[in-house]
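User: I would like to go through some of the labels used for this model. Please give the reasoning behind each one.

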Amino acid sequence: MSSTTMASVKSSGIVKAKSGSKVDTSFRKRKSHTKSRSGCVNCKLRHIKCDESKPICNNCTSFRVSCTYDRTLKSSEALALQPWSEQVFPLLNARETHLIYASLASLSLNRQVLTMLNDHIRESDPQAVKNGFLFKDQHLRYLNQFHEKTILSLKMNHKLDLYRRESVRLAIREPFLLHLVLAVTLMHERLAASPLTTEPPSIQELYHHATGSSQLNQLLSSHPSQLSRVQKDAMFMGTILLACTSFAQLDASLPLASHWPFVSSPHDLDWLKICSGKRVIQKLADTHAADSALRDISYEFVLSGPAARVELLPEEDAIARLPEPLRRLLRLDHAGVSAKTNAYYDAGVVVGRVLPLEISEDNLLVSLVLVSFLPVRFREMLEEKDAKALLLFAWYHAKIGQFGRWWVWRRAVTEGRAILAYLERYYGGTVGGDEELLGYPKKWCGMEVMVNEGMT
């Protein structure tokens, strides 16, 4: 064999060793490493060791894929790396670095938020995990819908940015509030297009409302010293959402004779009780404290807050704003009348203050705050179906229905009409037959006022 051929064979690496000679067995060995059994999904798909940095590992950061530690991915999702998306929730501030890095603006939150939410559920609500409930992509879509649409429809004053930021931030921290956020979003989706729709609540809506309400009640039974600042703020935000859902939670498909006051149930006037209960929970949650993120919001739910922007009539002037036939019927038309001498006085002051208000966001809040100050005795009179108390309540319904919010208008029209029908059936000679007393509520609670323009 020529030297040229020999060199060629050697370079090709196929020279055989002579019999009895040692063979060079040296080759590049793969470095051994300890398996990462709790690494992120994407590192496992890439077959590399995950450093397990949370919430985002360094490998995913440099490779620009969305990092997730969620073990419950569907098989179709687990077969491919999750891309780095630019669509995010603009809802957290820099101080929340223990939840999500301050640089979230450039990261995908889809998997990150789901992982965190499910981690909170595993820690705080083991029963939900046993029942097979964890948050999925559809829930994240509803959370975004709440932030972009539903919270706007609930807006009752100028502090919109604070409402949007804190409601979602607290919902991510407290699962019970997240359930209530999803419940009100699903309700909004169902009712906004047609406030008098007969479509029943979905199983999802009922589940989230019941779960959120139940968990909130458990917190309310705790001593304030056992509650964190976040829990207290979330409790107060939860009562705001519950007040809205309880106001809208009414089956408009039923005939009027199937509604209160024709029929009685333990849930009669729940919305009114929750409106009054907000002040109690506000005191329990101590949202006026300097460390409360809801401090500015909480002042909107006392008379000193809204009254600072709206000139509320003095009590005597408010009574004078009631129509003369109504004042005469309630015996509020003589000098010296007061809450001590007349059971209808406080409610008359509320209605007299609400009636002249212009239709605006701030004045809707004022109307709801005012009704929360109705005395317990007047609510008992409503439960007893006192005719004069019902008539005064119908005037209140007629006014607030004009504000046009989807969660207000539905009850104002339906329950207002039921009150009027009840009065005409059982008190036709004294109250139901007086057109001066019923004209205003009939106009604004009547079916002819079912205008959907501007309904939000």
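User: What makes α10 and α11 oblique to each other?

Analyst: In this predicted model, helix α10 (residues 203-220) and helix α11 (residues 229-248) pack at an angle of about 135°. Angles over 145 count as roughly antiparallel, and 65 to 115 as roughly perpendicular. The value of about 135° falls in neither range, so the pair is oblique. Their axes lie 11 Å apart.

User: Which hand does the crossing of α10 and α11 have?

Analyst: α10 passes α11 in a left-handed crossing.

User: Which residues make the contact?

Analyst: Contact requires heavy atoms within 4.5 Å. From α10 come His209, Ser213, Leu216, Leu219 and Leu220. From α11 come Gln231, Met235, Gly238, Thr239, Leu242 and Thr245.

User: How do the residues of that contact divide by class?

Analyst: They divide into five nonpolar, six polar and no charged. Gly counts as polar, so Gly238 belongs to the polar group.

User: What is known of the largest pocket's volume and lining?

Analyst: The volume is about 700 Å³. The lining has 31 residues. Gln249, His267, Asp268, Asp270 and Trp271 lie nearest the centre.

User: Which elements give two or more residues to that lining?

Analyst: They are α10, α11, α12 (270-285) and α20 (406-426). α12 gives the most, with eight residues.

User: What is the make-up of the pocket lining by class?

Analyst: The lining has 12 nonpolar, 12 polar and seven charged residues. Asp counts as charged, so Asp268 and Asp270, which line the pocket, belong to the charged group.

Note on methods
Residues are numbered from 1 along each chain as its sequence is written. This is a predicted model: local features need pLDDT of at least 70, side-chain atom pairs count only at pLDDT 80 or more; totals for chains, interfaces and linings use all residues. Side-chain values use heavy atoms; hydrogens and water are left out. Axes are lines fitted to C-alpha atoms, for helices over the stretch in contact, and angles run from 0 to 180 degrees between N-to-C directions. Helices (H or I, at least four residues) and strands (E, at least two) are DSSP runs, numbered from the N terminus. Angles under 35 degrees count as roughly parallel, over 145 as roughly antiparallel, 65 to 115 as roughly perpendicular and the rest as oblique. A crossing is left-handed if the near helix is turned anticlockwise from the far one by less than a right angle, and right-handed if clockwise. On a 1 Å grid over the protein atoms alone, a cavity is a set of points where a 1.4 Å probe fits but cannot get out, and a pocket is an open set with protein on both sides within 12 Å along at least five of seven lines; lining residues have an atom within 4 Å of a point. Grid points are joined across faces, edges and corners, and a volume is the space filled by probe spheres set on the points.
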